[in-house]
Amino acid sequence: MSKLIDGVWTTLSRPLIGLLNLLFRPDRTDGAIAGWRIAAWITVNCGVLFAILASPGARMNAVFVGLFLLLHILIVVSSLRVMSEEKKVLEGSMTESQMTFSVYDAVNSVSLLSVSILFYVLGLPALIGLVEDGGIARILSKRPPIGIPYLANLSCVLNEIPGIGPILYAAANLSGLSPNLNADIVYSGIVGNLMRLVIVATVGTVIVSAIVLRLQQASHRAAILRSIEDRHGSWDLVHTRMLRVPRHLSEKLRHLAGLERDSGVRHRIGETLRRLGHALDGVKGRKGRD
């Protein structure tokens, strides 16, 4: 079953990852995407969402927003696919050569992932409003008493996110907006409850999982750098863990080697970089340190 899921996941992710690599052209040495490309992507998404909501025809617009949301959740899922492979490399259960995708694919960019998460969350309340305005179905029979319908729908979406719901509840209670926010949110009928399940499954599970995994990997890399810089623990263990990191830390290690006073540690860093397939070109300690 796991192989079947993995195969379907890979099949869904492959064309989108290829297209986004073509559009964003991530740097093949560190996966970075040019800032102007991210800015242009944000502008395009803002324009598309605004154009859909400003045009007449709620039913057709609901379809367009649904496709808009599908694109962004697929980007998040594809990013999660790449991160899951990287996690296996870090754990030692997979070698980097066995990875289907590259850690330098565009979907693995923090900036691109963040934009997709933002627009997916912002698009959900728009979809709720369009479905109801178009007479397709009633989704919410009761919502928080906020004067702006979009914000009321947005509060319903955010309430389903772990960690955010309790904060919204406390804010609404303390501000006098609602003594019991949870009681003010009621999903109606089959479509309404199906929408809630979609929100919980995508925002509360997929997106939160992507964020948590990204933070775990960032913490892992930071811990490796600290262990090298502070010279704590077994070097053999640190070296082994470093070899599992898919070349993410080469530039930071170069910088660290240039600042390192201990020639032995510089030599170890240089050896690690060579094992990772990089050269410590011209990196020397500060004059007079040795």
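Which side chain meets K142 in a salt bridge? In this predicted model, the partner is D184, with an N to O distance of 3.8 Å. K142 belongs to strand 1, residues 140-142. D184 sits in the loop between helix 6 (165-175) and strand 2 (186-187). The pair therefore ties together parts that are 42 residues apart in sequence. The two partners differ in exposure class. K142 is partly exposed, because its relative accessibility is 40%. D184 has a relative accessible area of 13%, so this residue is buried.

The chain as a whole contains 10 helices and two strands. From the N terminus, the elements follow the order α-α-α-α-β-α-α-β-α-α-α-α. The chain has 290 residues, and 43% of them are buried. Its exposed area is about 15200 Å². Carbon and sulfur atoms supply 63% of that area. Contacts between residues at least 6 apart in sequence were also examined; 72% of them join residues at least 24 apart.

Four salt bridges were found in a search of the whole structure. Side chains of opposite charge can pair when their charged atoms come close. Besides K142 and D184, one of these pairs is E160 and R196, with the closest N and O atoms 3.1 Å apart. This pair also links distant parts of the chain, 36 residues apart. E160 lies in the loop between helix 5 (149-158) and helix 6, and R196 lies in helix 7, residues 189-230. With a relative accessible area of 12%, E160 is buried. R196 reaches 38% relative accessibility and so counts as partly exposed.

A further salt bridge joins E85 to R81, where the closest N and O atoms are 3.3 Å apart. Both residues lie in helix 3. They are four residues apart, about one turn of the helix. E85 is buried, because its relative accessibility is 2%. R81 is likewise buried, at 2% relative accessibility. Beyond its neighbours up to four places away in sequence, R81 touches D6, W9, T10, S13, T100 and F101.

Helix 3 spans residues 58-91 and also includes L70. L70 is partly exposed, because its relative accessible area is 44%. This residue helps to make a nonpolar surface patch of about 480 Å². The other members of the patch are M60, V63, F64 and L67.

Another arginine, R37, lies in helix 2, residues 35-54. Its side chain reaches the backbone oxygen of L23 at 2.9 Å. R37 touches L23, F24 and R25, with residues up to four places away in sequence left out of the count. P26 is 11 residues from R37 in sequence. The C-alpha atoms of R37 and P26 are 10.0 Å apart in space.

The cysteines were considered last. The count of disulfides is zero. C46 is partly exposed, because its relative accessibility is 41%. C156 is at 0% relative accessibility and therefore counts as buried.

Methods:
Residues are numbered from 1 along each chain as its sequence is written. This is a predicted model: local features need pLDDT of at least 70, side-chain atom pairs count only at pLDDT 80 or more; totals for chains, interfaces and linings use all residues. Side-chain values use heavy atoms; hydrogens and water are left out. Patches are made of residues with over 30% relative accessible area and no salt bridge: like charges are joined within 9 Å, nonpolar side chains (Val, Leu, Ile, Met, Phe, Trp, Tyr) within 5 Å. Accessible areas come from the Shrake-Rupley method with a 1.4 Å probe; for residues, only the protein chains shown count as cover. Buried means under 20% relative accessible area, exposed over 50%, partly exposed in between (1.4 Å probe, protein chains only). Contact means heavy atoms within 4.5 Å. A polar contact is a pair of N or O atoms within 3.5 Å; within protein, one must be able to donate a hydrogen and the other to accept it, and residues adjacent in sequence count only if both atoms are side-chain atoms. A disulfide is a pair of cysteine sulfur atoms within 2.5 Å.
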